[in-house]
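Hi there,

Here is the model I promised to pass on. Please have a look at it first, and then read my notes underneath.

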There are 2 protein chains.
Amino acid sequence: MFEIFAQYLQSKIELSDQELKMIEEVCVVRKLRRNQYLLQEGDIWRYNAFITKGCLRTYSVDDRSMEHVLNFAIENYWIGDRESLLNGTPSRFNIDAIEDSTLLLISKENFAGLMKSIPQFQDLVNLIIERSFVAIQDRINNSISLNAEEKYIRFIEKQPQIALRVPQHMIASYLGMTPETLSRIRKQSSKKQ
Amino acid sequence: MFEIFAQYLQSKIELSDQELKMIEEVCVVRKLRRNQYLLQEGDIWRYNAFITKGCLRTYSVDDRSMEHVLNFAIENYWIGDRESLLNGTPSRFNIDAIEDSTLLLISKENFAGLMKSIPQFQDLVNLIIERSFVAIQDRINNSISLNAEEKYIRFIEKQPQIALRVPQHMIASYLGMTPETLSRIRKQSSKKQ
DNA sequence: AAAAGCACTTGATATATATCAAGTGCCTGA
DNA sequence: TCAGGCACTTGATATATATCAAGTGCTTTT
């Protein structure tokens with residue numbers, strides 16, 4: 001279980017056996033069946049979570065009970081609600097498993113401890129946040145610049161692995177369009193080629 | 001000039017006189033007249049910039065020469081292109097002054113030095129990035145969940161200071177709608193009250 | 001193996017938003 | 001101080017996308 005996380009870490013930073021052990025000791029394994037929740041709206045999120053297997057989504061539910069997918073995450077990605085974690089406020093989001101999944105959870109406190117005692121780990125975490133910011137800014141740029149078809153094309157280019165394994169109606173939601181619209185776009189796009 | 005930045009820093013973290021001086025020494029003042037560029041597409045951005053006076057915007061330009069505003073920033077905010085700074089790649093964005101403005105620039109190298117030698121500064125920077133991420137995620141959520149009128153209302157609620165000082169057509173661009181649409185929405189909204 | 005439930009598609013129509021084209025009023029710079 | 005140029009508004013129309021309603025074919029459950 002931990003092996004995958006260890007490999008991920010070692011591909012990014014240098015870690016002594018002892019440091020690796022420190023990390024292992026604070027990891028808690030969490031398995032989820034398809035459709036099970038990792039986090040429900042209203043809960044407070046207190047972890048950092050690394051996915052070793054599977055696929056999850058973060059989504060919000062609006063007044064009209066419509067779901068809006070904010071994010072997908074698969075193996076070797078982090079997931080969680082940074083807002084709730086940072087502010088200690090109840091989450092406005094839900095996270096559930098799209099496939100049977102396995103995660104490693106590290107509590108906020110333990111995570112802070114690791115960052116303090118392992119500088120490379122701290123640097124890695126900072127880098128990840130920077131990268132997430134850049135990625136999400138790109139998404140904002142796309143959402144205000146592109147039409148529905150262009151958004152879909154960019155999505156496939158940027159995240160082909162995800163495009164292949166999540167249901168189409170969730171992709172539509174992620175892109176801010178209806179499933180019907182995405183279905184028609186796909187039909188048109190395939191004709192063009 | 002530096003006074004405003006010093007106050008900002010001291011309101012967030014504890015700093016000795018010596019530490020404050022270290023920071024001051026690496027700050028470079030940059031004044032911009034209205035409409036002047038801080039960064040142009042294709043340039044590489046190598047700083048962290050703090051605004052002590054004025055108002056700026058970050059925007060992209062698409063194939064059809066349409067401008068799309070990604071961000072506004074005013075006094076006591078940071079601005080720059082994190083993507084270009086992080087990756088060392090040419091910027092895809094432009095940043096220019098909406099009002100006559102004054103900024104303090106700290107080069108990437110000096111900034112890294114400050115973070116190394118002043119742990120509280122490091123913490124502050126991390127916190128800012130975390131917060132930016134949360135804010136931008138909220139914007140994504142709005143952009144996929146809300147219609148044009150709702151987006152505008154949220155924007156005024158969240159950023160009233162900015163709503164009052166930037167031209168309406170730039171707000172429209174920021175919200176991903178045409179100026180005409182925003183104009184009509186404002187008319188309708190004002191009738192409702 | 002049949003039944004039920006999804007996910008996706010397709011068609012008809014409605015609605016929100018964009019586009020194009022004037023028109024108004026207010027700054028601003030010569 | 002006047003002329004020109006913006007920023008914003010308004011109207012008419014076009015277009016993209018949403019909504020509603022079936023219909024099809026898989027997959028899952030029993």
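To start with a question: which base atom of DNA strand D does a polar side-chain atom of A:Arg184 lie 2.8 Å from? The partner is a base oxygen of DNA strand D. A polar contact here is a pair of N or O atoms within 3.5 Å; within protein, one must be able to donate a hydrogen and the other to accept it, and residues adjacent in sequence count only if both atoms are side-chain atoms.

Some housekeeping: this is a predicted model, in which local features need pLDDT of at least 70 and side-chain atom pairs count only at pLDDT 80 or more, while totals for chains, interfaces and linings use all residues. Residues are numbered from 1 along each chain as its sequence is written, chains are lettered from A and ligands numbered from 1 in the order in which they are written, and side-chain values use heavy atoms, with hydrogens and water left out.

DNA strand D
Around this strand there are 15 residues, of which A:Thr181, A:Arg184, B:Gln168, B:Ser183 and B:Arg184 come nearest (near means a heavy atom within 4 Å). Of the atoms of DNA strand D within 4 Å of the protein, 66% belong to sugar and phosphate. One phosphate oxygen of DNA strand D is 2.7 Å from a side-chain N or O atom of B:Ser183, and A:Ala148 places a backbone N or O atom 3.0 Å from a phosphate oxygen of the strand. α9(B) gives the most to the surface near DNA strand D, with four residues (helices are DSSP runs of H or I, at least four residues, numbered from the N terminus).

DNA strand C
A:Arg184 also has a polar side-chain atom 2.9 Å from a base nitrogen of DNA strand C. Phosphate oxygens of DNA strand C lie 2.4 Å from a side-chain N or O atom of A:Gln168 and 2.9 Å from a polar backbone atom of A:His169. Here α9(A) supplies the largest share of the nearby surface, four residues.

Between the protein chains
35 residues of chain B are in contact (heavy atoms within 4.5 Å) with 35 residues of chain A. The two chains bury about 3200 Å² between them, 63% of it on carbon and sulfur atoms; buried area is the accessible area (1.4 Å probe) lost on putting two parts together, summed over both. B:Phe133, B:Ile140 and B:Ile144 supply 20% of the area that chain B buries against chain A, more than any other three residues.

Happy browsing!

Terms used
Helices (H or I, at least four residues) and strands (E, at least two) are DSSP runs, numbered from the N terminus.
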